[in-house]
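Subject: Structure for you to look at

Hello,

Please find the structure below, for you to open alongside this message. My notes on the strands and helices follow it.

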Amino acid sequence: MALLKVAGMRKINFAGGEPFMNAELLGKLVKYCKETLKLESVSLVTNGSKVPQKWLARYGEYLDIMAISCDSFVEATNTKIGRGTGTHLKTVMNLSQKCKEHGIMLKINTVVNRYNFHEDMNAAIEEIQPFRWKCFQVLIVPEENGSEHTLRDARRFLINDDEWHLFCDKHNHQECFVPESNNVMASSYLLLDEYLRFLNKGVGKPTKSILEIGVAAALKDVYWDEGGFEMRGGIYEWSKPDCLGESPKSDLDW
């Protein structure tokens, strides 16, 4: 992470899998990124099921944003999708409140798919009041979830563009609403795996590890859609007011 900071990294997001499977390591990484590297923004994505109260008390001050995955505000739909076993909404509501108590900016992540595209989520979003609500059109990555031979097969979740737009039209009046269609999502993120290799989602193999060849060399071998990054609102107010890191800048140096 120090290599990434030297190369210009200003924001980092920890995702999985579920980052809280190793909560203590996650906490140390979050603290290091904010306190030592002084990044403008440190965030993470969680399903909320394994977030200890003591973790928030110990590490919450170092975290700018917590994104909670919630694909529906109808519990039966969450269960059908595979999100929990009947108590996911209770978890989401409780953790949303804990974020506010600890001064963590709350974000909701929703994957719009075959089982929820028709749902009206306005009332629930207005109750939770996240500062950002990211809604992703369900995406097939052939080598990960695109067939019966991959670890997961997400083809049954697919929706067409008309169904995607139906969902967006129903919710785009929400100020926090940030939609991401397939055409801006696929390659607009810089993703590192557990070996610190940049991933070329859907377009090629991972790069060599930045520990082996350095950040600059690795970036030459990764496809990053900068236009898609800007189109999906990749630059925003990503630091909480009392952040310990560097002051946010208004733009990025490419």
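The sheet is a good place to begin: six strands form it, it is open, and the strand order is 1-2-3-4-5-6 with parallel pairing. Strand 1 and strand 6 (177-180) are the edge strands, each of them pairing on one side only. On average, neighbouring strands of this sheet are turned by 20 degrees against each other, with direction ignored. Please keep in mind that this is a predicted model.

Next, the strand 1 end. In strand 1 (residues 11-14) the side chains alternate. Ile12 and Phe14 point to one face and are buried, while Lys11 and Asn13 point to the other face and are not buried. Strand 1 runs parallel to strand 2 (residues 41-46), and four bridges join the two. Phenylalanine 14 has leucine 44 of strand 2 opposite it. Between these two strands the chain passes through helix 2 (residues 23-36), and this β-α-β crossover is right-handed.

Further along the sheet, strand 4 (residues 105-112) and strand 5 (residues 132-137) also run parallel, joined by six bridges. Isoleucine 108 has tryptophan 133, in strand 5, as its bridge partner.

Two helices lie across the strands. Helix 5 (residues 88-101) lies across strand 2, strand 3 (65-69) and strand 4, and runs at about 170 degrees to strand 3. Helix 8 (residues 161-171) lies across strand 4, strand 5 and strand 6, and its angle to strand 5 is about 165 degrees.

Regards

Technical notes
Residues numbered from 1 in each chain as written. Predicted model: local features only at pLDDT ≥ 70, side-chain atom pairs only at ≥ 80, totals over all residues. Heavy atoms only, no water. Buried < 20%, exposed > 50% of the residue type's maximum accessible area, 1.4 Å probe, protein only. Pairing = 2+ DSSP bridges. Right-handed = clockwise from strand over helix to strand, strands pointing away. Axes fitted to C-alpha atoms, helices over the stretch in contact; angles between N-to-C directions. Contact = heavy atoms within 4.5 Å.
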